[in-house]
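Colleague: Got a minute to walk me through this model? I'd like to get my bearings before going back to the bench.

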Amino acid sequence: MRWDNLAENSRNATDPDGAALPGDAALFGTDAVTTRTFDTPEFRGMTFHEVRARSILNRVPGASRMPFEWTVNPYRGCTHACVYCFARKTHSYLDLDTGHGFDSQIIVKVNAPELLRRQLGSRRWQGAHVAMGTNVDCYQRAEGRYRLMPGIIGALRDHANPFSILTKGTLILRDLDLLRQAADVTEVGISVSVGFTDGELWRSVEPGTPAPERRLDVVRTLADHGIGCAVLMAPVIPFLSDHPDQLRATVRAIASAGATSVTPLVLHLRPGAREWFMAWLARERPHLVRRYERLYAEGAYAPKWYQRRITRHVHELAAEFGIGPARRGAPRRVPAPAEPFLAEPEATQLTLL
Ligand code: SF4
């Protein structure tokens, strides 16, 4: 990798972690990169590039279309390695491979907690809601080693700054006490992403993630501790997880875990994700390639009729299984992002965690 490109590309505001309060400074400088590997089974084959970020609060371009205006992303790249991951394209901005490179070359902003604390304390900061997990997962495996989230949540708690987290990582339970402390002083929204409960599909499509059942255990545990948790049912994968029986099984499992709400989201395939997903499909489910080419013939999104059909069906199931709005007296929470986002050079793009 060329680190001068990495720094220069980030300076050109082509990534979702562009400058916020400090103006248009680069994300980090070439002098700040330390590369590490760890010889443990958990991290074998992965490379971590430790950087000292120059800014950590990131303003969302076109935020009026989003339920949040600011994000914090302590990592780039994601070892959860979902084949459909929308964020793959962001690795190309750094001259990194968007396929396996995205899964194994991880940028770690090691100074994220201290930088966030400083920026939250700035007189220019107005205390806006901060969304996390909207680009890559902040509770991916690397977080077990780098432990950036406790410092980040601690800073938000100390400034009583509202925030939300979207994750597939069970590691979030490590920070349960901190989350409860934060929820005592500000609005905290937690969402877990569970698109389906099919174990075989999970192993193939989301190979680095905790199993769907383990993620639903997170929902259950948070609920047991008074922290409401929503589920983003994403992605619903056409022809692989959209059968009525599969939708029913998934919504039933989400309901029994005690989710406060369920929001379905059909797979979309933006550039970067599309190539990697279609290569997986050709390898693992070749009989579906033609059907996908037809369904996604118009671009990144499945047709509206298909999206509406899935949404309606999931909402009916949610009503049947009794998932509804938070009851009076339920834990305080703010709405989770309906869809995670990816900032690209020209525009904000709706994306998928
Ligand atoms: S979809 Fe989410 S959890 Fe999966 S690789 Fe992408 S950022 Fe990580």
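Modeller: Sure, let's go through the overall make-up, the ligand, some helix pairs and a few backbone oddities.

Modeller: One thing up front: this is a predicted model.

Colleague: Fair enough. How many helices and strands does the protein have?

Modeller: There are 13 helices and 13 strands.

Colleague: And what share of the 353 residues is buried?

Modeller: Buried residues come to 49% of them. As for contacts with a separation of 6 or more, 81% are between residues 24 or more positions apart.

Colleague: On to the ligand. Which residues are closest to the ligand?

Modeller: Cys78, His80, Cys82, Cys85 and Val136 are the closest, out of twelve residues that surround the ligand.

Colleague: What does that shell look like by class?

Modeller: Seven of the shell residues are nonpolar, three are polar and two are charged.

Colleague: Let me ask about Tyr75. Where is Tyr75, and is Tyr75 buried or exposed?

Modeller: Tyr75 is in strand 5, which covers residues 75-76. Tyr75 counts as buried because 23 other C-beta atoms lie within 10 Å, and the cut-off for buried is 20 or more.

Colleague: What does Tyr75 touch, leaving out residues up to four places away in sequence?

Modeller: Tyr75 touches Ile106, Ile107, Val108, Val136, Cys138, Gln140 and Ala142. Val136 is also one of the residues closest to the ligand. As for Ala142, its C-alpha atom is 8.6 Å from that of Tyr75, although the two residues are 67 apart along the chain.

Colleague: What about Val51?

Modeller: Val51 is in strand 2, residues 47-51. Val51 has 25 other C-beta atoms within 10 Å, so Val51 is buried. The C-alpha atoms of Val51 and Ala112 are 9.6 Å apart, with their positions 61 residues apart along the chain.

Colleague: Ala112 rings a bell. Which helix has Ala112 in its contact with helix 6?

Modeller: That's helix 4, residues 112-120; its axis comes within 8 Å of the axis of helix 6, residues 149-158, and the two cross at roughly 15 degrees. Angles under 35 degrees count as roughly parallel, so helix 4 and helix 6 are roughly parallel to each other. Helix 4 brings Ala112, Pro113, Leu116, Arg117 and Leu120 to the contact, and helix 6 brings Gly151, Ile152 and Ala155. Six residues of that contact are nonpolar, one is polar and one is charged.

Colleague: Which helix pairs with helix 6 at an axis distance within 9 Å?

Modeller: Helix 7, residues 176-185; the axes of helix 6 and helix 7 cross at roughly 15 degrees. That makes helix 6 and helix 7 roughly parallel to each other. In this pair, helix 6 uses Pro150, Ile153, Gly154, Leu156 and Arg157, while helix 7 uses Leu178, Leu179, Gln181, Ala182 and Val185. By class, that contact has seven nonpolar, two polar and one charged residues.

Colleague: What's the handedness of those two crossings?

Modeller: Helix 4 passes helix 6 in a right-handed crossing, whereas the crossing of helix 6 and helix 7 is left-handed.

Colleague: Okay, jumping along the chain. At what angle do helix 10 and helix 13 pack?

Modeller: About 45 degrees, with their axes 10 Å apart; helix 10 is residues 244-256 and helix 13 is residues 304-320. That angle makes helix 10 oblique to helix 13. Pro244, Leu247, Arg248 and Val251 in helix 10 meet His313, Val314, Leu317 and Ala318 in helix 13. The contact of helix 10 with helix 13 has six nonpolar residues, one polar and one charged.

Colleague: Last topic, backbone oddities. Where is the cis peptide bond?

Modeller: The cis bond joins Ala234 and Pro235, with omega about -5 degrees. Pro235 is in strand 10, residues 229-236.

Colleague: And which residues other than glycine have a positive phi?

Modeller: Arg147, with phi near 50 degrees, is one of them, and Ala160, with phi near 45 degrees, is another. Most residues other than glycine have a negative phi.

Colleague: Where are Arg147 and Ala160?

Modeller: Arg147 is in the loop between helix 5 and helix 6, and Ala160 is in the loop between helix 6 and strand 8. Arg147 is partly exposed, with 13 other C-beta atoms within 10 Å. Ala160 is partly exposed too, with 13 other C-beta atoms within 10 Å.

Colleague: Great, thanks!

Terms used:
Residues are numbered from 1 along each chain as its sequence is written. This is a predicted model: local features need pLDDT of at least 70, side-chain atom pairs count only at pLDDT 80 or more; totals for chains, interfaces and linings use all residues. Helices (H or I, at least four residues) and strands (E, at least two) are DSSP runs, numbered from the N terminus. A residue is buried if 20 or more other C-beta atoms lie within 10 Å of its own, exposed if 12 or fewer, and partly exposed in between; C-beta atoms are placed from the backbone. A residue is near a molecule or strand if its C-beta atom, placed from the backbone, lies within 6 Å of it. Ala, Val, Leu, Ile, Met, Phe, Trp, Tyr, Cys and Pro count as nonpolar, Asp, Glu, Lys and Arg as charged, and the others, Gly among them, as polar. Axes are lines fitted to C-alpha atoms, for helices over the stretch in contact, and angles run from 0 to 180 degrees between N-to-C directions. Angles under 35 degrees count as roughly parallel, over 145 as roughly antiparallel, 65 to 115 as roughly perpendicular and the rest as oblique. Two residues are in contact if their C-beta atoms, placed from the backbone, lie within 7 Å. A crossing is left-handed if the near helix is turned anticlockwise from the far one by less than a right angle, and right-handed if clockwise.
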